[in-house]
Amino acid sequence: MPQNAPPREALRRDGRIAITLNHMVQCSSLDASFAALSDATRRGVLEQLGRGDASIGALAGRFGMTLTGMSKHVGVLERAGLVSTHKTGRVRTCRLGPMRLDREAAWIDACRQVWAARFDALDTLVTGLAERQGERQ
């Protein structure tokens with residue numbers, strides 16, 4: 001499906017047209033990463049690949065899935081840039097992508113810093129209010 005896929009129209013039971021946007025197609029690379037990480041199987045695949053490269057067949061066996069099912073999961077991870085694959089003969093081997101989770105960790109760290117600063121400011125405000133309340137008594 002193209003990156004900028006148009007909205008899909010569907011006829012509802014009441015005769016009106018409902019428009020559905022495919023948000024997964026129109027997402028940024030960070031959105032794609034977090035969407036890929038939202039599935040427990042894909043997180044498990046990343047953990048497994050953190051221990052070493054593995055074929056799709058080995059991953060499918062490890063997770064009790066069909067080759068087709070695992071290929072779809074690996075495809076999602078690959079499109080998100082979290083996994084890379086290479087084919088040797090009939091075997092497709094998976095490994096962690098070159099960026100690993102650096103981009104995602106940096107985003108989380110930036111959010112953590114913002115919230116830490118907000119909580120520090122709130123703590124300062126509460127402490128100041130408590131001190132003023134103590135002075136009044």
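**Notes on the predicted model**

1. Start with the surface: V114, W115, F119, L122, L125, V126 and L129 make up a nonpolar patch there, together offering about 690 Å² of accessible area. Keep in mind that this is a predicted model. V114 belongs to helix 5 (residues 102-136) and, at 40% relative accessibility, counts as partly exposed.

2. On to the sheet. It is open, with three strands in the order 3-5-4 and antiparallel pairing. Strand 3 (54-55) and strand 4 (83-88) are the edges, each pairing on one side only. Six bridges link strand 4 to strand 5 (residues 91-96) in the antiparallel sense, and V83 sits opposite L96 of strand 5. Helix 2 (residues 40-51) packs on this sheet and touches strand 3, strand 4 and strand 5, its direction making about 90° with that of strand 5.

3. Salt bridges next: the whole structure has three. Have a look at D53 and R95, whose side chains meet at 2.9 Å, N to O. D53 is in the loop between helix 2 and strand 3 while R95 is in strand 5, so this pair ties together parts 42 residues apart in sequence. D53 is partly exposed at 44%, and R95 is partly exposed too, at 35%.

4. E104 and R103 form another salt bridge (3.1 Å, N to O). Here E104 is buried, with a relative accessible area of 3%, whereas R103 is partly exposed at 31%.

5. Back in helix 5, D109 and R112 lie three residues apart, about one turn of the helix, and their side chains meet in a salt bridge at 3.6 Å, N to O. D109 counts as partly exposed at 31% relative accessibility; R112, at 53%, counts as exposed.

Methods. Residues are numbered from 1 along each chain as its sequence is written. This is a predicted model: local features need pLDDT of at least 70, side-chain atom pairs count only at pLDDT 80 or more; totals for chains, interfaces and linings use all residues. Side-chain values use heavy atoms; hydrogens and water are left out. Two strands pair if DSSP finds at least two bridges between them. Helices (H or I, at least four residues) and strands (E, at least two) are DSSP runs, numbered from the N terminus. Contact means heavy atoms within 4.5 Å. Axes are lines fitted to C-alpha atoms, for helices over the stretch in contact, and angles run from 0 to 180 degrees between N-to-C directions. Patches are made of residues with over 30% relative accessible area and no salt bridge: like charges are joined within 9 Å, nonpolar side chains (Val, Leu, Ile, Met, Phe, Trp, Tyr) within 5 Å. Accessible areas come from the Shrake-Rupley method with a 1.4 Å probe; for residues, only the protein chains shown count as cover. A salt bridge is a side-chain nitrogen of Lys or Arg within 4 Å of a carboxyl oxygen of Asp or Glu. Buried means under 20% relative accessible area, exposed over 50%, partly exposed in between (1.4 Å probe, protein chains only).
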